[in-house]
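Here is a chain you may not have met before. Take a look at the model, and then we'll walk through it piece by piece.

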Amino acid sequence: YLRGPRGTGFVYIQKQIANMLEPSHVDHAAAPVLKVMEPSAWVHGLEEESDFGLCHAYQPGAARFEFWEANVATRLGLGAAIDVSLALGMDAIEKKCALLGGQLRKQLQSIGGVH
């Protein structure tokens, strides 16, 4: 389990699998615009299906999940979170998460109406 600053993250995925996935959010870094269609074409569906008359194509591989805008400070924070995780060790983190999860479930059982 890795918890970094909001808006940061990374994915390690096989290129073939990444190419089958559609990102939840897209900008011009993940899917460059190939052409701008004439309004009459996209209003009447004469071109490929797209939003606001823009034809785009996803980048190959994991690049389709990248965003153009980036907060350098939060990316540095993600790097620090990775360093801490590696220093603690994934086994120790897993054990701590399991312990805390068990404690939470036990405490929740003592609250009436919580199942």
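Let's start with one residue: where is the place of I17? I17 sits in helix α1, which covers residues 15-18. Keep in mind as we go that this is a predicted model. Is I17 buried, exposed or something in between? Its relative accessibility is 35%, so I17 counts as partly exposed, because that label covers whatever falls between the buried cut-off of under 20% and the exposed cut-off of over 50%. I17 also has a partner from elsewhere in the sequence: I17 and G61 are 44 residues apart along the chain, yet their C-alpha atoms are 7.9 Å apart in space.

Now step back to the whole chain. You'll find four helices and two strands, and reading along the sequence gives the pattern α-β-α-β-α-α. The chain has 115 residues, and buried ones make up 15% of them.

Next, have a look at a couple of loops. E22 is in the loop between α1 and β1, the latter being residues 33-36. With a relative accessibility of 62%, E22 counts as exposed. Its C-alpha atom is 8.4 Å from that of Y58, although 36 residues separate E22 and Y58 in sequence.

Further along is P60, in the loop that runs between β2 (54-56) and α3 (72-88). P60 has a relative accessible area of 47%, so P60 is partly exposed. P60 has a sequence-distant partner as well: the C-alpha atoms of P60 and A30 are separated by 8.8 Å, with their positions 30 residues apart along the chain.

What about the empty space? Rolling a probe the size of a water molecule over the atoms shows where such space is left. The largest pocket has a volume of about 480 Å³. Which residues lie nearest the centre of the largest pocket? They are G7, G9, F65, E66 and F67, out of 18 lining residues. Sorted by class, that lining has eight nonpolar, seven polar and three charged residues.

Finally, turn to the surface. L104, L108, I111 and V114 make a nonpolar patch there of about 310 Å². One of these four, L108, is found in helix α4, which spans residues 90-109. L108 has 34% relative accessibility, so L108 counts as partly exposed. That value also fits with its place in the patch, because patch residues need over 30% relative accessible area.

Conventions: Residues numbered from 1 in each chain as written. Predicted model: local features only at pLDDT ≥ 70, side-chain atom pairs only at ≥ 80, totals over all residues. Heavy atoms only, no water. Patch = residues over 30% accessible without salt bridge, like charges linked within 9 Å, V, L, I, M, F, W, Y side chains within 5 Å. Areas by Shrake-Rupley, 256 points an atom, 1.4 Å probe, with all protein chains shown as cover. Salt bridge = Lys/Arg side-chain N within 4 Å of Asp/Glu carboxyl O. Buried < 20%, exposed > 50% of the residue type's maximum accessible area, 1.4 Å probe, protein only. 1 Å grid on protein atoms, 1.4 Å probe; cavity = no way out; pocket = protein on both sides within 12 Å on 5 of 7 lines; lining within 4 Å. Points joined across faces, edges and corners; volume = space filled by probe spheres on them. Nonpolar A, V, L, I, M, F, W, Y, C, P; charged D, E, K, R; others polar.
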